[in-house]
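Q: Could you go through this one with me? I have some short questions and will jump between topics.

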Amino acid sequence: LCVCDFMEVLGITQSKASRHLRNLFHARLVTDRREGTWSYYSLRPSEDELVRTHMESLKQSLATRSELRDRLEQLEQWLAKKERGEAATCGASSLS
């Protein structure tokens, strides 16, 4: 996901999203890739069985929380709008 995707769905500023994502990067939980001025993040696959077990447990636990399911739905809707060209560009993203 692009930093702007986190901004849109979580309603946070670019600096806050970037700061948190960099912390996750330094903890080796996410990877990043840059395209021009944009940064994209994804979960880092782990070869460590304990890390994989903890991540799966976390996913299962979070899936039971309705407010997080709502955020996931918002993210899916946002990404669909972006793909169709109906969303503001990342630099002009509105905070919801």
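Q: To start, is aspartate 5 buried or exposed?

A: This is a predicted model, and in it aspartate 5 is buried, with a relative accessible area of 3%.

Q: Where does aspartate 5 sit, and what does it touch?

A: Aspartate 5 belongs to helix H1. Leaving aside residues up to four places away in sequence, aspartate 5 is in contact with Leu75, Trp78, Leu79 and Lys82.

Q: What does aspartate 5 form with lysine 82?

A: Aspartate 5 and lysine 82 form a salt bridge, in which the closest N and O atoms are 2.7 Å apart. Aspartate 5 is in helix H1, residues 3–10, while lysine 82 is in helix H4, residues 66–84, so the pair ties together parts that are 77 residues apart in sequence.

Q: And the lysine end, how accessible is lysine 82?

A: Lysine 82 counts as partly exposed, at 28% relative accessibility, whereas its partner aspartate 5 is buried.

Q: How many salt bridges does the count come to?

A: The count comes to seven salt bridges. Among them is one between aspartate 32 and arginine 22, where the closest N and O atoms are 2.7 Å apart. That pair links distant parts of the chain, with aspartate 32 in strand S1 (residues 30–35) and arginine 22 in helix H2 (residues 14–26), ten residues apart.

Q: Which residues are linked with Asp32 in a network?

A: The network of salt bridges links Arg22, Asp32 and Arg34. As for accessibility, aspartate 32 is partly exposed at 25%, and arginine 22 is also partly exposed, with a relative accessible area of 24%.

Q: What about glutamate 49, which side chain does it meet in a salt bridge?

A: The side chain of glutamate 49 meets that of arginine 52 in a salt bridge, at 2.4 Å from N to O. Both residues lie in helix H3, residues 49–63, and they are three residues apart, about one turn of the helix. An α-helix has 3.6 residues a turn, so residues three or four places apart point the same way. Arginine 52 is partly exposed, with a relative accessible area of 38%.

Q: Staying in H3, how accessible is glutamate 56, and how many Å separate its C-alpha atom from that of valine 3?

A: Glutamate 56, which is found in helix H3, is partly exposed, with a relative accessible area of 39%. The C-alpha atoms of glutamate 56 and valine 3 are separated by 24 Å, and the two residues are 53 apart along the chain.

Q: Back to H1, how many of its residues are buried?

A: H1 is mostly covered, since six of its eight residues are buried. The buried ones are Val3, Cys4, Asp5, Met7, Glu8 and Val9, and they pack against H2, strand S2 (38–43) and H4.

Q: At what angle do the axes of H1 and H2 cross?

A: Two packed helices are described by the angle between their axes and the distance between the axes. For H1 and H2 the axes cross at roughly 115° and come within 9 Å, and the crossing is right-handed.

Q: Which residues meet there?

A: On the H1 side they are Val3, Phe6 and Met7, and these meet Gln14, Ala17, Ser18 and Leu21 in H2. By class, the residues of this contact divide into five nonpolar, two polar and no charged.

Q: New topic: how many disulfides does the count come to?

A: The count comes to zero disulfides. Cysteine 2 is in none, the nearest cysteine sulfur being that of cysteine 4, 3.3 Å away. The cut-off for a disulfide is a pair of cysteine sulfur atoms within 2.5 Å, so a separation of 3.3 Å does not qualify. Cysteine 2 is buried, with a relative accessible area of 1%.

Q: Last one, on the backbone: where is phi positive?

A: Glycine 11, just after H1, takes a positive phi of about 70°. Arginine 28 is another case, with phi near 65°, a positive value in a residue other than glycine. Arginine 28 lies in the loop between H2 and S1, and it is exposed, with a relative accessible area of 56%.

Methods. Residues numbered from 1 in each chain as written. Predicted model: local features only at pLDDT ≥ 70, side-chain atom pairs only at ≥ 80, totals over all residues. Heavy atoms only, no water. Salt bridge = Lys/Arg side-chain N within 4 Å of Asp/Glu carboxyl O. Helix = DSSP H or I, 4+ residues; strand = E, 2+ residues; numbered from the N terminus. Buried < 20%, exposed > 50% of the residue type's maximum accessible area, 1.4 Å probe, protein only. Contact = heavy atoms within 4.5 Å. Axes fitted to C-alpha atoms, helices over the stretch in contact; angles between N-to-C directions. Left-handed = near helix turned anticlockwise from the far one by under 90°. Nonpolar A, V, L, I, M, F, W, Y, C, P; charged D, E, K, R; others polar.
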